[in-house]
Amino acid sequence: MAIFDLRILVASGAALALAACGDAGNDTAADATAPEPAEVTEVAAAEPVAPEAESAAPVATAPADTMATDVFWGDTHLHTSDSADAFAFGARLGPEAALKFASGEKVTSTTGTEAQLSRPLDFLVIADHAEGLGVTREIYNGNPALMTDERLARWSKMLQAGGKESAQATLELIDGHTKGTNPEVLGDPKVMGPILKNLWQARGDLIEQYNEPGTFSAFVGYEYTSVPKGDNMHRVVVYRDGPEITNNVFPFSSTVSEDPADLWTVLEQYEANTGGQVLAIPHNSNLSNGRMFALVDFEGAAIDAEYATRRARWEPIVEVTQIKGDSESHPFLSPNDEFASYGDAGWEEGNLNIVGNKTPEMLSGDYVREALKRGLSIEKDTGVNPFKFGMIGSTDSHTSLATADSDNFFGKHTGVEPGKRRANKTDGGGSSDGIRRLGWQYLASGYAAVWAKENTREALFDAMMRKEVYASTGPRIKLRFFGGCDFVAEDAEASDFATRGYAKGVPMGGDVAACADGAAPSFLVHSVMDPDGANLDRVQIIKGWVDANGETQEQVHDVVWSDDRVRDADGKIPDVGNTVDLSGPSWTNTIGAAQLATVWTDSDFDPTQRAFYYVRTIEIPTPRWTAYDVVRYGTELPEGAELINQERAYSSPIWYDPA
């Protein structure tokens, strides 16, 4: 296990690691440089002690029997102009604009369009890249400490010129990082240290200014952007603490190490040295070419109990859906699941920039459902499940605008903010055989839903740790899921169903106890439509287990559905229908249901087999963001572009362990 001194990590943000996002946007005036911060109190680093291999992942700070009373909506993964790639491709909105927008204020986007959420978010994590944090903006602004280098001075002028010159400077920066030929000053801690310290402390103070307990929770965080050979191994780091602690440490960069286990070491050190709390959230496993949920660690060694324990400890939740595709399932892995292909188009071709094409055998390490199954198998062998995580969604927007709404989608980065041509644009990266991702393949997704007692950083973080969270591709579907031994049909229709859920069982993210005489557990599920959105088509429970031969299995169960449909000869529920009018675009809620609830018991339950269960709630068909672009801008879409989809929510699992 690598040991890092937190005091020297200030230099790690100096190297520029740009994950190419596409065409450059319009350059406008940059944000003002932050004022000089107060002195930093250095936090001495001690050698962390790894958890004992046989220990279980820790519970949250809040008691396990705490009854969450409200669901809070937010984005744990938003980039601003402080991200090197976002700024280089045109973003000029900083963290303050991001906080204003998320909390409901109207802002003007980088490209000059007024933007506002019809419903504010409840919380936000600004997760700018640790790699090159603020560096591109400092080059743009002509920071005197950097302008002594001839290339940086030239790039500054090119970035300020905008257009093709700015794009060329960006490409040179990326190429220089890839080849290790960027100016040495960018790796000089004496130069870059004060720049990063200034920016990080100013961010922390600003976040605290906008944090309003009970109304809006603003979290300190960043993204650790490991991308070995183009394989996405990114994590978002989220602190429970405020700037009185976080201002004294700095983001850990993949330029120091691309091994996520070394990130966990730094997180261990942070908690040991400060008394604070922190977690990490993997995302875009669909772009990892099989590495995110591999059966081996970063170095290729088989996962053992120590590794599994550490991973479960530091990564309690995973981002399953976002702008760069959906990572829940794939038809190759789940051929009997007619809803398995959501958000896969384009993203299944290869890794982050398609520098490595994807082969079928890689898919098992890319998708969350398969990871949950693999976790059971690893637990059978080692006693610890490394992939025992809850599920959330978030945007990964690089515009400072946290919106996952199809009718208010501002794109991945400023080059694809609303406009006529964005659905047809191609990504900057691509494979040697000409495969490129197209603009229409990006999703207007997603949001994180958190069940907690109050809207505070502490309560929301604790809910994430206990995995009482779920993912939405955009709609604010209200979803509850409980598992226990004593649920009866009337519980689903009771006005106090949630109270009954806690009294008789465990919520999503928990472990259901063995029932008397080996009886099957029952599950209470309750889904309510987004009040401003579409009706619900159906609710499904996805089960995964390890069979008697040690093989992982899965089954998708339709447990409750709308419109009195009847199973066909193959046991399938017929399609709900389609009311979408693309000329609007619009839809009508004349099909589907506003609410679906039931108690379901697994008739195939085997008390000797490890298993997990999670809910997938699916809406009736609605227009995609591409359909709105066609009407608003007269966009002509390329062949195969999708105009309609069925958005959904994914609960965190409930696990059963015969031990």
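Colleague: I'd like to start with the strands. How many bridges join β13 to β14?

Modeller: There are 3 bridges between β13 and β14, and the two strands run antiparallel. Keep in mind as we go that this is a predicted model. To see one pairing for yourself, find G484, whose bridge partner in β14 is G505.

Colleague: And which residue of β16 is the bridge partner of G483?

Modeller: That partner is F523. β13 and β16 are joined by 7 bridges, and they also run antiparallel. A general idea helps when you look along such strands: side chains in a regular strand alternate between the two faces of the sheet.

Colleague: In what order do the strands of this sheet come?

Modeller: The order is β14-β13-β16-β19, which makes an open sheet of 4 strands with antiparallel pairing. β14 (505-507) and β19 (595-601) are the edge strands; each has a single partner, so one side of each lacks a neighbour in the sheet. From one strand to the next, the twist averages 15 degrees.

Colleague: How many residues of β13 are buried?

Modeller: In β13, 6 of the 7 residues are buried, so the strand is largely enclosed by the rest of the structure.

Colleague: Let's turn to the cysteines. Which residues does a disulfide join?

Modeller: First the general idea: a disulfide is a covalent bond between the sulfur atoms of two cysteines. Here the count comes to 1 disulfide. The bond joins C485 to C515, with an S to S distance of 2.0 Å. C485 sits in the loop between β13 (478-484) and α12 (489-493), while C515 sits in the loop between β15 (511-512) and β16 (522-528), so the pair ties together parts 30 residues apart in sequence.

Colleague: Is that disulfide left-handed or right-handed?

Modeller: The torsion about the S-S bond of C485 and C515 is about -90 degrees, so the disulfide is left-handed. As for accessibility, C485 counts as partly exposed because its relative accessibility is 31%, whereas C515 is buried, with a relative accessible area of 11%.

Colleague: Now a helix. How far apart are the end C-alpha atoms of α8?

Modeller: They are 21 Å apart. Helix α8 has 15 residues (260-274), and at 1.5 Å a residue these should span 21 Å, so the model agrees with the expected value. Another general idea is useful here: an α-helix has 3.6 residues a turn, so residues three or four places apart point the same way.

Colleague: Is α8 mostly covered or mostly uncovered?

Modeller: Mostly covered, as 12 of its 15 residues are buried. Among the buried ones are W264, L267 and Y270. The elements covering the buried residues of α8 include β5 (217-224), β6 (235-239), α7 (243-246), β7 (278-282) and α9 (305-314).

Colleague: What happens at the ends of α8?

Modeller: D259 caps the N-terminal end of α8, with a side-chain oxygen 3.0 Å from the backbone nitrogen of A261. After the helix comes G275, whose phi is positive, near 75 degrees.

Colleague: One last residue: where does M465 lie?

Modeller: M465 lies in helix α11 (residues 457-465). Its relative accessibility is 7%, so M465 counts as buried. M465 and G390 are 75 residues apart in sequence, but their C-alpha atoms are 8.8 Å apart in space.

Notes. Residues numbered from 1 in each chain as written. Predicted model: local features only at pLDDT ≥ 70, side-chain atom pairs only at ≥ 80, totals over all residues. Heavy atoms only, no water. Expected span 1.5 Å × (residues − 1). Buried < 20%, exposed > 50% of the residue type's maximum accessible area, 1.4 Å probe, protein only. Contact = heavy atoms within 4.5 Å. Polar contact = N/O pair within 3.5 Å; in protein donor to acceptor, adjacent residues only side chain to side chain. Disulfide = S-S within 2.5 Å. Pairing = 2+ DSSP bridges. Axes fitted to C-alpha atoms, helices over the stretch in contact; angles between N-to-C directions.
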